[in-house]
Amino acid sequence: MIRTMVGRATIAALRERRRTLVRLGAWSAAEALPALLAGYVTARAVDDGFLAGRPGTGLAWLGALAVAVLVGAVGSGRAFACLGEIVEPFRDDLARRVVTGALHHSTATGARPDTAAVARLTHQVEIVRDTLAGLVMVVRGFLFSATAALLGLLSLAPLVAALVAGPLLAGLALFVAALPAMVARQREYVHADERLGESASAALSGQRDVVACGAQEAVAARVGAQVDAQAAAERGLARMAALRSLSLAIGGWLPLAVLLLAAPWLVRRGLTAGAILGALVYISTGLQPALHTLVQGVASGGLRFAVTLDRILRAAVLPGQRRPPSLAPARTRRSPVAVELRGVTFRYGPAAHPVLDGFDLALPEREHLAVVGPSGAGKSTLAALTAGLLRPQAGTIRLAGNLVDDLDQPALAALRVLIPQEAYVFSGAVRDNLRYLRPGATDAELDAAVDALGLRPLVRRLGGISAPVDPAGLSAGERQLIAAVRAYVSAAPLIILDEATCHLDPSTEARVEAAFAARPGTLVVIAHRISSALRARRVLILDGGRPMLGAHDELLARSAAYRDLLGHWQETSAGHSGPALAPVRQS
């Protein structure tokens with residue numbers, strides 16, 4: 001799973017910057033010029049210059065190498081500039097994902113603030129940025145340096161190149177083959193270390209209770225087990241380090257030993273002293289450092305990159321999101337049934353009593369439903385389930401014929417708007433607040449909504465629709481009214497008001513609900529005043545027992561709980577036959 005998520009995110013980020021990668025490759029080739037020429041120039045300087053008694057020629061060859069070093073320095077500087085163009089946008093994208101995920105998790109119904117988001121943003125994102133930069137430089141450095149050294153050896157002495165290539169490829173193959181095991185051991189070590197820290201912290205923080213209960217031996221055994229697990233993981237990590245050293249010995253040091261042992265034989269075959277010295281330069285300053293940097297960089301920074309990026313990506317998945325954020329939004333279809341819940345069961349915790357149990361409900365388009373009931377009966381839970389903020393343990397929920405579980409966030413947002421009791425208004429222009437859910441709304445449409453819901457006096461007081469608004473200077477009712485206009489302007493066909501008008505006076509509340517009822521679409525009101533039930537076409541009462549659905553008069557005649565809410569507390573005669581109620585099944 002880690003490799004899938006991290007690999008896809010990394011490959012996607014690199015693909016988006018293909019041109020930068022091409023420029024990075026070009027400058028890396030320039031940077032590798034000294035590695036390509038070092039051995040060859042050394043051989044010519046020795047054979048044609050110093051050993052031939054022509055020191056001027058030898059110095060001229062070394063001067064050419066100095067020029068190559070200057071070119072390589074320029075290439076190195078430009079390569080680092082390209083690196084910034086690769087990793088900085090990736091870091092910015094991760095920061096956006098962290099902020100988006102933290103906001104959605106923290107604002108979901110029943111959620112607690114994501115206090116780890118700051119750590120992910122300020123620390124883990126920087127870790128990913130730094131390790132990605134290191135990995136890019138390590139991998140491209142090995143590719144260009146090793147290739148340059150092998151090409152130089154091939155041009156200098158093809159036989160030496162053949163002798164050196166075998167151990168180099170064998171060491172590299174050993175490292176690649178052992179890499180999955182190294183990653184697994186490192187991951188085990190990280191997890192064991194975290195579990196040990198958690199266990200020791202819990203034991204120390206509860207030391208007084210442990211002593212009072214006489215549980216010292218049990219707690220010591222539990223912490224000791226974590227110590228043993230951490231030690232075992234560390235021993236496994238040490239074995240992987242030994243394997244890594246073996247691959248370095250085979251790929252980096254064995255070629256050097258092979259060359260030294262084969263030197264007499266090579267001289268007898270006509271290889272000059274300068275050529276042997278040049279081959280030593282290629283191995284010691286090109287191949288060996290490149291392989292060492294690759295092995296150490298991938299073995300340490302690579303895992304750190306993978307684990308940290310995986311944590312960020314998992315934390316950035318939005319509640320209920322089943323697709324990676326990069327996939328296209330799901331297509332939606334329309335149905336004459338605006339909301340449909342079938343067999344929905346939801347509880348807060350495995351052992352908790354279900355808030356809804358086998359609950360069925362169907363609302364046609366243009367329905368106006370009020371949901372009433374005592375506190376804790378499940379009204380806000382029903383609103384959150386309908387809006388897709390909570391997922392039921394059983395049953396299905398459809399909006400306009402679409403399964404909520406199959407909808408991504410953009411598709412879900414296009415079908416419904418939920419306004420909670422605590423309305424959010426951000427600093428900025430009044431216009432920006434009102435068209436937040438529909439950025440393309442015209443001023444004429446905003447003015448019509450402002451007049452329909454009675455926001456005009458507040459807009460005038462603030463200085464017009466273009467005037468800035470300070471949320472701290474608004475009352476709770478004014479913030480609710482702005483949020484209501486924002487929802488009214490949206491294109492969503494379903495509006496859910498979860499006590500979203502509780503701070504408005506009764507006349508303004510009536511005006512808001514009447515405007516929404518006249519708006520095309522479906523309206524669900526979680527009512528805090530019985531007047532909302534009187535205005536609705538149908539009323540659903542939740543009281544912890546069997547839900548009942550019907551018109552106001554019907555519920556008044558048949559539901560004692562509804563009468564209690566109205567304050568009547570009157571008994572129904574045994575012979576009274578009230579109108580039939582629409583069944584709402586809850587097993």
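These exercises work through the sheets, a helix, a cavity and two cysteines of a predicted model.

**Exercise 1. Get an overview: how many helices and strands does the protein have, and what share of its residues is buried?**

Step 1. Count the elements. The protein has 19 helices and twelve strands.

Step 2. Check burial. Of the 587 residues, 45% count as buried.

Step 3. Look at contact range. Take the contacts between residues at least 6 apart in sequence. Of these, 75% join residues at least 24 apart.

**Exercise 2. Lay out the sheet of six strands: what is the strand order, and which strands are at the edges?**

Step 1. Read across the sheet. The order is 6-9-10-3-11-12. The sheet is open, and its pairing is mixed.

Step 2. Find the edges. Strand 6 (416–419) and strand 12 (548–550) each pair on one side only.

Step 3. Add the twist. From one strand to the next it averages 15°.

Step 4. Zoom in on one pair. Strand 3 (residues 368–372) and strand 11 (residues 538–541) run parallel, joined by four bridges. Within this pair, Val372 stands opposite Ile541.

**Exercise 3. Lay out the sheet of four strands: what is its order, and why is one side of strand 2 and of strand 5 left without a neighbour in the sheet?**

Step 1. Read the order. It is 2-1-4-5, in an open sheet with antiparallel pairing.

Step 2. Explain the edges. Strand 2 and strand 5 (402–403) each have a single partner strand, so one side of each has no neighbour in the sheet.

Step 3. Follow strand 1 to strand 2. Strand 1 (residues 337–346) pairs with strand 2 (residues 356–364) over six bridges. Val337 stands opposite Pro364. The bridge partner of Phe346 is Leu356.

Step 4. Follow strand 1 to strand 4. Five bridges link strand 1 to strand 4 (residues 394–399), again in the antiparallel sense. Here Thr345 has Ala394 as its bridge partner.

**Exercise 4. Place helix 10: which strands does it touch in the sheet of four strands, and which strands does it lie across elsewhere?**

Step 1. Start with the sheet of four strands. Helix 10 packs on it, touching strand 1, strand 2 and strand 4. The helix direction makes about 115° with that of strand 1.

Step 2. Turn to the other contacts. Helix 10 (residues 379–387) lies across strand 3, strand 6, strand 9 (494–498), strand 10 (522–526) and strand 11. The helix runs at about 155° to strand 9.

**Exercise 5. Describe the largest cavity: what is its volume, and which element gives the largest share of its lining?**

Step 1. Count first. There are three cavities of 30 Å³ or more.

Step 2. Size the largest. Its volume is about 70 Å³.

Step 3. Name the lining. Among the residues there are Val339, Leu341, Leu361, Leu363, Leu382, Ala383, Thr386 and Ile496.

Step 4. Assign the lining to elements. Strand 1, strand 2, strand 3, helix 10 and strand 10 each supply at least two residues. Helix 10 gives the largest share, three residues.

**Exercise 6. Check the cysteines: how many disulfides does the structure hold, and is Cys213 buried or exposed?**

Step 1. Count disulfides. The structure holds zero.

Step 2. Classify Cys213. Its relative accessible area is 65%. The cut-off for exposed is over 50%, so Cys213 is exposed.

Step 3. Classify Cys502. Its relative accessibility is 17%. Buried means under 20%, so Cys502 counts as buried.

Key
Residues numbered from 1 in each chain as written. Predicted model: local features only at pLDDT ≥ 70, side-chain atom pairs only at ≥ 80, totals over all residues. Heavy atoms only, no water. Pairing = 2+ DSSP bridges. Axes fitted to C-alpha atoms, helices over the stretch in contact; angles between N-to-C directions. Contact = heavy atoms within 4.5 Å. Disulfide = S-S within 2.5 Å. Buried < 20%, exposed > 50% of the residue type's maximum accessible area, 1.4 Å probe, protein only. 1 Å grid on protein atoms, 1.4 Å probe; cavity = no way out; pocket = protein on both sides within 12 Å on 5 of 7 lines; lining within 4 Å. Points joined across faces, edges and corners; volume = space filled by probe spheres on them.
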